[in-house]
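Biologist: I would like a close look at a single part of this protein, with its surroundings explained carefully enough for a first-year student. Could you choose one sheet and take me through it strand by strand, and then show me what else the model contains?

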Amino acid sequence: METQSAKKARTPPPNVPQEEESTNASNMPRGGTSQEYTVEADGLGCEICFEPFDDQIFMCKNGHPACGTCCIRMDRLCFCTDPIGDIRCRPLEKILAAMTRPCAYVTYGCKEIVSYSGRRSHEKVCPFAPYHCPFDGCTYQGLEVYTHIRDRHAPSAVIVRGGSQRLDVTLEKKTPFRVLLHRDGASVFLLLNGGDVLCGRSLSLVCMGPRPTGNAGVKYKMEVKRRSDPDAPVLWSSGAAPFVRRLKDFHAKGFLFVPDSYWDSYDSVSVTVHLTDGW
Ligand SMILES: [Zn+2]
Ligand SMILES: [Zn+2]
Ligand SMILES: [Zn+2]
Ligand SMILES: [Zn+2]
């Protein structure tokens, strides 16, 4: 409680001209003149989750502010046990709505002035937000990531030259990614070799008789789509179904990995199985 009142006391009331204040946050009234105030960043956050406030701020009748997410998460009860979630803290909302500052990427060329509540949505899509070089130990951040990788990491990048539809890339097990530089001179792709093992299931198809003649197993292709998200990659594998006489002790050498995120709320997926010879 003491820290809270101390913070409030350090935040000067609006419209009182201040002398010699530094410029952490600026306030631009509609009149065209602006005055700058220093506001401590942690004074603008929810006192429960410590995240910066969004546009809606609530308070209990003892004046404890909380963000909308915390009101829901705490079952609309403040930590002081009073109900919270019905009373909006309009004065604080108004102050935040009037606060503006330059985009965080001003040094990369963005000229946008963003409001306190709109800053995150702008900065997420800001065209001046820098790219971080993916190579371990390289500290490059900037907008020219294609040129940077081409000039500094050329041996580790695959620079595409021809206009072919496909590209064959050799990937070593120990390499976390390969960089593919498109021939358009701007597009950068990373072929990721994730070492982090997701949870999921491995699907494979085996043939339990009759034994195929010769060595060739029955050829198939298997596909799984994520039903809830049509843009998610379609997972597929194809090959020859190994022949087994008994399933016990059989371990598939190749399989289709279907991560947990592809299983629906009933824990099921729909699998399309094509046999080259038809069903
Ligand atoms: Zn919160
Ligand atoms: Zn309270
Ligand atoms: Zn920006
Ligand atoms: Zn680099």
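Modeller: What follows is a walk through one sheet, and after that a shorter tour of other parts of the chain.

Please keep in mind throughout that this is a predicted model. The protein has 279 residues, of which 9% count as buried, and its secondary structure comes to five helices and 16 strands. Among the contacts between residues with a separation of 6 or more, 39% join residues that are 24 or more positions apart.

The part I have chosen is an open sheet of three strands, in the order β14-β13-β16, whose pairing is antiparallel. As general background, the strands of a sheet pair through backbone hydrogen bonds, and they can do so in either a parallel or an antiparallel way. Which strands stand at the edges of this sheet? They are β14 and β16, and because each has a single partner strand, one side of each is left without a neighbour in the sheet. When direction is ignored, neighbouring strands here are turned by 20° against each other on average.

Let us begin with the pairing of β13 and β14. Strand β13 covers residues 218–224 and strand β14 covers residues 235–241, and the two run antiparallel, joined by seven bridges. To find this pairing in the picture, you can look for E223, which stands opposite W236 in β14. Turning to the other pairing, β13 also runs antiparallel to strand β16, which is made of residues 271–275, and five bridges join these two. Here there are two pairs of residues to look for: Y220 stands opposite L275 in β16, and M222 has V273 of β16 as its bridge partner.

Within this sheet, one residue that repays a closer look is L235, which lies in strand β14. Is L235 buried or exposed? It falls in between: L235 has 19 other C-beta atoms within 10 Å, and a residue needs 20 or more to count as buried, so L235 is partly exposed. If we leave aside residues up to four places away in sequence, L235 touches V224, L256, V258 and Y262. Although L235 and V271 are 36 residues apart along the chain, their C-alpha atoms are separated by 9.8 Å.

From here we can move to the nonpolar cores, starting with the largest, which has 13 residues; those that touch the most other members are F58, A66, C67, C71 and I84. Strands β3 (57–59) and β4 (65–67) and helix α2 (68–73) each supply at least two residues of this core, and β3 gives the most, with three residues. Taking F58 as an example, and again not counting residues up to four places away in sequence, we find that F58 touches A66, G68, C71, I84, G85, I87, R88 and C89. Apart from this core lies another one, of five residues, which include L205, M222, L256 and Y262. Some of these names have come up already, since M222 is the bridge partner of V273, while L256 and Y262 are both touched by L235.

Next, consider the loop between α2 and α3 (90–98), where R76 lies. R76 has a positive phi of about 55° although it is not a glycine, and R76 is partly exposed, with 16 other C-beta atoms within 10 Å. T81 also has its place in the loop between α2 and α3, and T81 likewise has a positive phi, of about 75°, although it is not a glycine. With 9 other C-beta atoms within 10 Å, T81 is exposed.

Finally, it helps to set another sheet beside the one we began with. This is an open sheet of three strands in the order β9-β10-β11, and its pairing is mixed. Its edge strands are β9 (157–159) and β11 (188–192), each of which pairs on one side only, and the twist averages 25° from one strand to the next. β9 pairs with strand β10 (residues 177–181) in the parallel sense, over three bridges, and within this pairing V179 in β10 is the bridge partner of A157. Helix α5 (residues 145–152) packs on this sheet, where it touches β9, β10 and β11, and the direction of α5 makes about 110° with that of β10.

Methods. Residues are numbered from 1 along each chain as its sequence is written. Chains are lettered from A and ligands numbered from 1 in the order in which they are written. This is a predicted model: local features need pLDDT of at least 70, side-chain atom pairs count only at pLDDT 80 or more; totals for chains, interfaces and linings use all residues. Two strands pair if DSSP finds at least two bridges between them. Helices (H or I, at least four residues) and strands (E, at least two) are DSSP runs, numbered from the N terminus. Axes are lines fitted to C-alpha atoms, for helices over the stretch in contact, and angles run from 0 to 180 degrees between N-to-C directions. Two residues are in contact if their C-beta atoms, placed from the backbone, lie within 7 Å. A residue is buried if 20 or more other C-beta atoms lie within 10 Å of its own, exposed if 12 or fewer, and partly exposed in between; C-beta atoms are placed from the backbone. A nonpolar core is a set of buried Ala, Val, Leu, Ile, Met, Phe, Trp, Tyr and Cys residues joined through C-beta atoms within 7 Å.
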